[in-house]
Amino acid sequence: MLKLKDRVAFISDADHPSGRAIAKKLADEGARLVLNSRSNGASIAGDVASYEKAGAEVLVTSSALVTTEAVVSVLGECVAKFSRVDMLIHNHNVVTKMDIEHCDEETFKRALDENTKTAFLCTQIFGKQMGDIGGGQVVYVSSIHDEKPTGSAFLYSIAKGAVKMLCREAALDLGRRDVRVNLIELGPVEGDNERFASEISDLYLDYQTRIPSTHLGTYEDVANLVWFLVIDESRFLNGADIRMDGGFTLHYMDHKMRKLTDAARG
Amino acid sequence: MSLEGKVALITGAGTGIGKGISKVLAERGVRIGINYNSSEDGARDTLEQVRALGSDGILLKANVADKAQVETMMKTLAEQFGGIDILVNNSAAQKNLGLMDYDEAGYDLVMSVNLMGYFLCSQASLPYLKEAKGGRIINVSSVHGKRPTDFDVVYAMTKGGIKMLTRECAIEFAKYGITVNTIEPGAVQIGTKSGKPRPIVPADKVVDEHRRRGGRKFPLGRSGIPSDIGYLVAYLASEESEFISGAAIRADGVSMLM
């Protein structure tokens, strides 16, 4: 029995590797998909074809999601096609390398709009619709950097700090309407050492070795947790921020880090 | 713990907590840049009180969400008193609207004042704080940086952002010897009644009437007053606190644990 049979999932950044992995998992579990694509579907055309071949219904949208009007409009597209949306997966994660000393206002606003305002507007507008139909789920794919500073991308961390509080507020507000709201604080995946390379912080230096198992996370790990957060078995999880980082952020001064084995080095 | 002769910029100093901080620092000989945007009368009153306490100050009208105004404000203060040692980010907008009631303009306003304003003031004060040798940034946030409000979603979001702004500033500005910390006040009485602190009631004197007035929410016997926050600012502004940076100190009369 497919746990998500006919449920409708909206994925906010379907082109991102996390969005692609989540879409695949949810489609495999029987969900109908709304894939909001920055490339208007071009970069996920192969994925969409394979989901449809397997019998899934897919709608591709292409909205920047940074104005109320835009989000209302994209919800309208979803409702026209599927009559409802049951779950919102917000996975906008745009990392802007910039230090505080030299950041200009436009860069600040753009990064906050992209990472935070999209989350706020989607939560408000999709959340209302889910409340109106009697329930649903919101999941934010966020980051350990809503707690841990980056030393290289402060706009990302403050944006994610704000989303963490959005999650808690929405858990109260929407929770009273049977919409559950949870957040994943994702730790290191391949490439984060470059995304967050910093002249101040050594956090990502030999980053595999800071994970006790020396295994980096993958977007499939994210997809599996998203799946758990939208099925009924997780019904008592609401307003939770689940740190999924393999233990990466538990180090203090790196006393007992493992050496990288050749196997772990790949 | 001497702050004599230091210069502090306090945003939102015309009312409430900002006024309380201004007075405590003035008592310790700090000269105060009294920023305000709409509370002109309140700011004038703060200046009078600062002078009555034997210090000096200057009124600085500026919208903290406007970079040009913020830069002019910093320059004016530094020219008046010869530099800036302490920045207290304190100004905040609040709409008291729930998730479903906010419109986009309200969201943008609260975000720009509470979060971008803290960023702009931190950035614009940096050239002066570098010169200060032991510069201080103190961000007044709220218990709602961790605990949701259930009455103003965007306010809480900005406080979540300030938590991370503090941490990022702390690691980026460490090379300049500048410390950056957050204060998380719980409910603080502001306005005309807040001038005189009510004494903390010893636990064995807490009576039923007091409990009815909220004693269970505030086990120490009262809610906060602006000077409570002022005393903590004075400590975080002092040399004695130089090993504390990137921290968030809750000042809430234990209320968040209840």
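## Chain A as a whole

Of the 266 residues that make up chain A, 58% count as buried. The model described here is a predicted one. Chain A holds eight helices and seven strands. Its radius of gyration is 18 Å, close to the 18 Å that the globule rule gives for 266 residues, so chain A is as compact as a globular protein of that length. Along the principal axes, the C-alpha trace of chain A spans about 55 × 45 × 40 Å.

Contacts in chain A can also be sorted by separation in sequence. Among those between residues at least 6 apart, 77% join residues at least 24 apart.

## Surface and charge of chain A

The accessible surface of chain A amounts to about 11200 Å². Carbon and sulfur atoms account for 51% of that surface. Chain A carries 31 positive and 39 negative charges, and the mean positions of these two sets lie 5 Å apart.

## Nonpolar cores

The largest nonpolar core has 110 residues. The members that touch the most other members are A:F108, A:F120, A:F126, A:Y140 and B:L25. Helix α4 of chain B, residues 104-132, gives the most to this core, with 13 residues. A second core, separate from the largest one, has 33 residues, including A:A21, A:A31, A:V58 and A:V189.

Which residues does B:L25 contact, leaving aside its neighbours within four places in sequence? The list consists of B:L3, B:A8, B:I10, B:V30, B:I32, B:V233 and B:A234.

## Two residues with positive phi

A:S83 is a residue other than glycine with a positive phi, near 70°. A:S83 sits in the loop of chain A between α3 (68-82) and β4 (87-90).

A:D206 is not a glycine either, and its phi is positive at about 50°. This residue belongs to the loop between α6 (192-195) and α7 (219-230) of chain A. Is A:D206 buried or partly exposed? Its relative accessible area is 47%, so A:D206 is partly exposed, since that class lies between the 20% limit for buried and the 50% limit for exposed.

## A:L172 and its contacts with chain B

A:L172 is part of helix α5 of chain A, which covers residues 154-173. With a relative accessible area of 33%, A:L172 is partly exposed. Not counting residues up to four places away in sequence, A:L172 touches B:P148 and B:D150.

Within chain A, A:L172 and A:G239 are 67 residues apart along the chain. The C-alpha atoms of A:L172 and A:G239 are separated by 7.6 Å.

## B:M100 and its contacts with chain A

B:M100 lies in the loop between β4 (86-89) and α4 of chain B. The helix at the end of that loop, α4, is the one that gives the most residues to the largest core. B:M100 has a relative accessibility of 28% and counts as partly exposed.

Which residues are in contact with B:M100, once its neighbours within four places in sequence are left aside? They are A:Q124, A:G127, A:K128, A:D173 and A:L174. In its own chain, B:M100 is 157 residues from B:L257 along the sequence, and the C-alpha atoms of B:M100 and B:L257 are separated by 28 Å.

Note on methods: Residues are numbered from 1 along each chain as its sequence is written. Chains are lettered from A and ligands numbered from 1 in the order in which they are written. This is a predicted model: local features need pLDDT of at least 70, side-chain atom pairs count only at pLDDT 80 or more; totals for chains, interfaces and linings use all residues. Side-chain values use heavy atoms; hydrogens and water are left out. A nonpolar core is a set of buried Ala, Val, Leu, Ile, Met, Phe, Trp, Tyr and Cys residues joined through side-chain atoms within 4.5 Å. Buried means under 20% relative accessible area, exposed over 50%, partly exposed in between (1.4 Å probe, protein chains only). Helices (H or I, at least four residues) and strands (E, at least two) are DSSP runs, numbered from the N terminus. Contact means heavy atoms within 4.5 Å. The radius of gyration is taken over C-alpha atoms; the globule rule is 2.2 Å times the number of residues to the power 0.38. Accessible areas come from the Shrake-Rupley method with a 1.4 Å probe; for residues, only the protein chains shown count as cover. Lys and Arg count as positive and Asp and Glu as negative; His and the chain ends are not counted. The place of a charge is taken as NZ of Lys, CZ of Arg, CG of Asp or CD of Glu.
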